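Here are a few notes to read alongside the model. Have the viewer open as you go through them.

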Amino acid sequence: MATSAIGPGFITQTATFTAKLGSAFAFAILASILIDFVVQLNIWRIVTLTRKRASDIANAAIPGSGYALAVLVIVGGLFFNIGNIGGTGLGLDAMIGLDPKWGGALSALIAIAIFLSKRAGIAVDRLIVAAGLIMIALTVFVAYVSGPPVGEALRQTVLPDTIDFATITTIVGGTVGGYITYSGAHRLLDKGMVGIDNLGAVNRAALTGIAVTGVMRYVLFLAVLGVVAGGVAIDVSGQGANPAAQAFQAAAGEIGMRIFGAILWAAAITSVIGAAYTSVSFLTAFKQDMSERARNLATVVFIGVSLIAYLLITTPPATMLVFVGGLNGLILPIGLTPFVYAAWARSDLMGGYRYPRWLLVLGGAVCALTWYMGYKSVGPIFAMLNP
């Protein structure tokens, strides 16, 4: 889940909103972390207790809603994957100066080859762990070198000068929206970590995933904030804009930008595969006996369609990466509602398990809040496509 969340969208969204909002973005981070905790704890708990996939749970709770959820996750995943391919293009551009369109096309073909080769997949899994550690170390270094106004950031974490619902919706969507939250829950299901006996491990996994992404986002925010506060102007909407790379270059020089480009590419290409694989897994809502070969073929087609769309769309890659987070944030309340209803009224799906009252109340409150934020931010989010 954390690997899915900390991808090119996560990085670009954080840099973009920090450049736009400055220290006030700290409140959006705090709000998103609190919302993410509640979403993860509820969805992961219900998936592991019912021993069912998300679309099957939704259909059992509210007939027909599982099919709607599957369609929304697949469509949201497609848009997210267009952004992920854009992220690979931005990564190669920062690393070796390759045009983002060519970089995206080359990376999509590499992603298909990796997906079809199990041995290559294992190598990439190991590479992304190393790249992730380097990214964290480099981000901490840049945060230190850039000298952000930490006191002001801490103040605005709890007392912001401005509250932007579209921003909160976007970064929530980029962390637990769309396919991302189900990727972790379905992974636990596939591993057999189900039932009441495994609830402790499920809760720890959910909390750890969100804690890791929350800390990483705040450190990245501080790194970019220091650069912005120092007077560096960051382009967030140009055709070749790469906000995070600009910040790293300003703080750590040309070498910092090249290393960051390699890390962004590694994060993006694994996200291309992960988004395609998880989105395609929702096709089982329509065909329960779908074979592994059919799923693999569908995943390759999914990546191919994402690539064609990326090459045809004229929206700048960085803008697309921010937009897809917002789109997944709009999908989140639609997917969360059947789960909250199941927790309140369908204990029979969980073997009569007595759901914790405090988690029910928090789940209901967050569900209502995400619907409200979606209503308030749907216009600004779609306006991102025409900056």
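How many nonpolar, polar and charged residues does the lining of the second largest pocket have?

1. Keep in mind that this is a predicted model. To take the question straight away: the lining of the second largest pocket counts 10 nonpolar residues, with no polar and no charged ones.

2. If you want to pick that lining out in the viewer, select Phe 27, Ala 31, Leu 34, Ile 35, Val 38, Phe 165, Ile 168, Val 366, Leu 369 and Met 373. The volume of this second largest pocket comes out at about 150 Å³.

3. Which elements give two or more residues to that lining? They are helix H3 (25–50), helix H9 (165–176) and helix H15 (357–383). H3 gives the most, with five residues.

4. Now for a helix pair. Helix H4 (residues 54–61) and helix H14 (residues 317–345) have axes that come within 9 Å and cross at roughly 60 degrees. H4 is therefore oblique to H14. As for handedness, the H4 and H14 crossing is left-handed.

5. Who makes the contact there? On the H4 side you'll find Ala 54, Ile 57, Ala 58 and Ala 61, and on the H14 side Pro 338, Phe 339, Tyr 341 and Ala 342. Sorted by class, the H4 contact with H14 has eight nonpolar residues, no polar and no charged ones.

6. To sum up the chemistry: no polar and no charged residues turn up in the lining of the second largest pocket, and the contact of H4 with H14 has no polar and no charged residues either.

Conventions: Residues are numbered from 1 along each chain as its sequence is written. This is a predicted model: local features need pLDDT of at least 70, side-chain atom pairs count only at pLDDT 80 or more; totals for chains, interfaces and linings use all residues. Side-chain values use heavy atoms; hydrogens and water are left out. Axes are lines fitted to C-alpha atoms, for helices over the stretch in contact, and angles run from 0 to 180 degrees between N-to-C directions. Helices (H or I, at least four residues) and strands (E, at least two) are DSSP runs, numbered from the N terminus. Angles under 35 degrees count as roughly parallel, over 145 as roughly antiparallel, 65 to 115 as roughly perpendicular and the rest as oblique. A crossing is left-handed if the near helix is turned anticlockwise from the far one by less than a right angle, and right-handed if clockwise. Contact means heavy atoms within 4.5 Å. Ala, Val, Leu, Ile, Met, Phe, Trp, Tyr, Cys and Pro count as nonpolar, Asp, Glu, Lys and Arg as charged, and the others, Gly among them, as polar. On a 1 Å grid over the protein atoms alone, a cavity is a set of points where a 1.4 Å probe fits but cannot get out, and a pocket is an open set with protein on both sides within 12 Å along at least five of seven lines; lining residues have an atom within 4 Å of a point. Grid points are joined across faces, edges and corners, and a volume is the space filled by probe spheres set on the points.
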